[in-house]
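Visitor: Could you pick one part of this model and take me through it slowly? I'd also like to hear how its surroundings are built.

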Amino acid sequence: MLARLRSSWTAVVPVVGLIVLAVTWGVSPGPVLATTIAVVLMGAILAAVHHAEVVAERVGEPFGSLVLAVAVTVIEVALIVTLIASGGEGSHSLARDTVFAAVMITANGIVGIALLVGARRYGIPRFNPEGAGAALAVVTTLATLTLVLPTFTSSRPGPEFSPLQLGFAAVASLSLYGVFVLTQTVRHRHFFLPVLSPGDGDDGLHGPTPTNRATYTSLALLCAALVAVVGLAKTVSPVIEAGVSRAGIPESFVGVIIALLVLLPEGLAASRAASRNRIQISLNLAYGSAIASIGLTIPAIAIASIWLPGPLTLGLGGTQIVLFLLTVIVGTLTVVPGRATRLQGAIHLVLFVAFLFLAMFP
């Protein structure tokens with residue numbers, strides 16, 4: 001009965017989201033309408049998680065994590081491009097703020113929660129250091145090339161890339177993302193599979209494999225839910241920007257809110273995987289989302305910058321660089337042993353909270 005109820009609402013919500021999007025498109029929402037849109041938006045996100053998990057169960061790991069990571073990144077890219085195109089105040093740094101927030105949310109927030117959930121229930125959860133370490137290395141390289149280097153280049157004043165440098169960063173990001181996907185799904189797929197405990201079987205991970213019909217239905221509803229999320233988030237974004245401004249918080253925090261919104265499906269899916277003692281899947285989701293966020297967003301922004309107005313600020317500030325370096329060091333110490341405790345999860349969460357606090361009060 002519960003399964004049927006869950007299946008029914010996850011099928012209805014994406015359609016409702018598209019209807020609400022069509023009715024409210026181009027409308028400046030008031031408080032009541034904005035609240036209604038926010039409720040539908042959250043429902044669409046939860047529905048997207050469900051349908052992405054159905055597809056993931058059908059295609060198996062690590063393809064399942066890849067499906068959700070790419071789906072979430074599509075939302076992020078669409079939101080960034082549409083908000084930059086609107087040309088609002090602070091839009092020139094929105095891509096940087098959102099991508100960096102995605103890195104900090106995934107590498108600290110999602111990883112920290114997953115480790116705490118797993119350690120609380122299973123003591124010392126285990127994972128593949130080869131896969132997690134490779135993914136963290138890719139995140140570090142991509143973030144350094146696209147977010148740290150612009151602060152130190154001299155072709156343009158300020159933390160900006162020249163067009164040639166931006167083109168190189170875009171090609172390098174897309175190429176490295178492609179190599180990572182090939183490594184994760186073909187050449188060294190076993191590095192990214194869950195580590196099974198003694199006596200543990202595959203049945204603990206998935207229920208019955210969905211049929212082809214159920215998979216295709218979920219794929220279509222996933223696409224519908226993503227369209228609804230993108231459109232509704234765009235509709236409610238002026239309310240978010242106005243609220244941030246009234247609270248006296250820096251404009252850059254809008255990028256953090258966007259990243260939190262679009263990465264909520266990843267966080268929920270990673271927590272569920274950790275509760276089933278599948279920390280490797282949680283790390284695949286976290287680091288995979290960070291890699292997709294940079295590897296797909298930067299090339300898209302580079303292409304869009306041809307017609308988007310104004311400069312494109314990508315370079316991080318000193319505080320952000322310090323937080324990023326600390327995240328890399330702590331992340332390396334976490335993944336190298338191939339196992340973790342509550343302490344590692346708590347450290348990552350402290351870094352995540354520090355990022356949020358300093359984003360609001362720099």
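Guide: What follows starts with one helix and works outward from there.

A word on ground rules: this is a predicted model, so local features need pLDDT of at least 70 and side-chain atom pairs count only at pLDDT 80 or more, while totals for chains, interfaces and linings use all residues. Residues are numbered from 1 along each chain as its sequence is written, and side-chain values use heavy atoms, with hydrogens and water left out.

Let's take helix H4, residues 94-122. The name comes from DSSP: helices are H or I runs of at least four residues, strands are E runs of at least two, and both are numbered from the N terminus. H4 has 29 residues, and its first and last C-alpha atoms sit 40 Å apart, close to the 42 Å expected at 1.5 Å a residue (the expected span is 1.5 Å times one less than the number of residues). Even so, H4 has a kink of about 35°, centred on Ile 105. That bend is the angle between axes fitted to the seven residues ending at a position and the seven starting there.

Most of H4 is covered, with 23 of its 29 residues buried. Buried here means under 20% relative accessible area, exposed means over 50%, and partly exposed is in between, using a 1.4 Å probe and protein chains only. H4 also holds a charged pair: Asp 97 forms a salt bridge with Arg 96, with the closest N and O atoms 3.0 Å apart. The cut-off for a salt bridge is a side-chain nitrogen of Lys or Arg within 4 Å of a carboxyl oxygen of Asp or Glu. Both Asp 97 and Arg 96 are buried, and a search of the whole structure finds one salt bridge. Just past the end of H4, Gly 123 takes a positive phi of about 85°.

So who packs against H4? One partner is helix H10, residues 318-335, whose buried residues pack against H4, H5, H9 and helix H11 (342-360). The buried set in H10 includes Ile 321, Phe 324, Val 328 and Val 335. H10 has 18 residues that should span 26 Å at 1.5 Å a residue, and its end C-alpha atoms are indeed 26 Å apart.

For a second bent helix, look at H8, residues 253-275. H8 reaches 31 Å over 23 residues, close to the expected 33 Å, and bends by about 45° at Leu 263, with Pro 265 following within four residues. After H8 comes Asn 277, in the loop that leads to helix H9 (279-304). Its phi is near 65°, a positive value in a residue other than glycine. Most residues other than glycine have a negative phi. Asn 277 counts as buried because its relative accessible area is 9%.

Another loop, between helix H5 (129-148) and helix H6 (163-187), holds Ser 162. Ser 162 is buried as well, at 11%, and is in contact with Ser 155 and Arg 156, leaving aside neighbours within four places in sequence. Contact means heavy atoms within 4.5 Å.

Over in helix H7 (residues 212-246) is Ala 228, buried at 0% relative accessible area. Ala 228 touches Pro 14, Gly 17, Leu 18, Leu 21 and Ala 44, not counting residues up to four places away. Ala 44 is 184 residues off in sequence, but the two C-alpha atoms are 6.9 Å apart.

Stepping back, the protein has eleven helices and zero strands. Buried residues make up 51% of its 362 residues. Of the contacts between residues at least 6 apart in sequence, 86% join residues at least 24 apart. The accessible surface comes to about 15,800 Å², with 70% belonging to carbon and sulfur atoms; such areas come from the Shrake-Rupley method with a 1.4 Å probe, and for residues only the protein chains shown count as cover.
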